[in-house]
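Please take a moment to look through the model shown here, and keep it in view while reading the paragraphs that follow.

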Amino acid sequence: MEKKSQDFSMKEAMRLANSPAGKQLAALLQQADQQVLDNAIRQAQQGNYENAAQQLRDLMASPQAQALLKELEK
């Protein structure tokens, strides 16, 4: 099976999550609105992935989150 370029390994995900920008992004998400984050997790656990994704997109739209995402892309 051909691996798509957008796919990445768990190792890569952990590297990003443990990077300074990844840690800042996680802290930002937790501080931004814990209730929204908790609801997105609950929606995903129930299989409502589109609702969960929309809530996360809304959280990630802040300028601070966008700056951290750009840092992770480097």
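Glu50 and Asp58 are exposed on one side of helix 4, in what is, as the reader should keep in mind, a predicted model. On the other side of this helix the picture changes, for Ala52, Gln55, Leu59 and Met60 are buried. These four buried residues cover an arc of only 135° around the axis, which means that they sit on the same side of helix 4. A general rule helps in reading such a pattern: an α-helix has 3.6 residues a turn, so residues three or four places apart point the same way. As for what the buried residues of helix 4 face, they pack against helix 2, helix 3 and helix 5, the last of these running over residues 63-73.

The length of helix 4 can be checked as well. Helix 4 holds 12 residues, from 49 to 60, and at 1.5 Å a residue these should span 16 Å; the C-alpha atoms at its ends are indeed 16 Å apart, so the expected and the computed values agree.

One partner of helix 4 is helix 3, which covers residues 34-45 and includes glutamine 43. Is glutamine 43 buried or exposed? Its relative accessibility is 14%, and because a residue counts as buried when this value is under 20%, glutamine 43 is classed as buried. When residues up to four places away in sequence are not counted, glutamine 43 touches Asn48, Asn51, Ala52 and Gln55; of the residues named here, Ala52 and Gln55 have already appeared among the buried residues of helix 4.

Helix 5, another of the partners, contains leucine 69. With a relative accessibility of 25%, leucine 69 counts as partly exposed. Setting aside neighbours within four places in sequence, leucine 69 is in contact with Leu25 and Met60, and Met60 is one of the buried residues of helix 4. Leucine 69 and glycine 22 are separated by 47 residues in sequence, yet their C-alpha atoms lie 8.2 Å apart in space.

Glycine 22 leads on to the meeting of helix 1 and helix 2, where Leu16, Ala17 and Asn18 of helix 1 meet Pro20, Gly22 and Lys23 of helix 2. The residues of this contact divide into 3 nonpolar, 2 polar and 1 charged. How do the two helices lie with respect to each other, and at roughly what angle do they cross? The axes of helix 1, residues 10-18, and helix 2, residues 20-32, come within 4 Å and cross at roughly 75°, which means that helix 1 is roughly perpendicular to helix 2.

Methods. Residues are numbered from 1 along each chain as its sequence is written. This is a predicted model: local features need pLDDT of at least 70, side-chain atom pairs count only at pLDDT 80 or more; totals for chains, interfaces and linings use all residues. Side-chain values use heavy atoms; hydrogens and water are left out. Axes are lines fitted to C-alpha atoms, for helices over the stretch in contact, and angles run from 0 to 180 degrees between N-to-C directions. Angles under 35 degrees count as roughly parallel, over 145 as roughly antiparallel, 65 to 115 as roughly perpendicular and the rest as oblique. Contact means heavy atoms within 4.5 Å. Ala, Val, Leu, Ile, Met, Phe, Trp, Tyr, Cys and Pro count as nonpolar, Asp, Glu, Lys and Arg as charged, and the others, Gly among them, as polar. Buried means under 20% relative accessible area, exposed over 50%, partly exposed in between (1.4 Å probe, protein chains only). The expected span of a helix is 1.5 Å times one less than its number of residues. The arc is that of the directions from the helix axis to the C-beta atoms.
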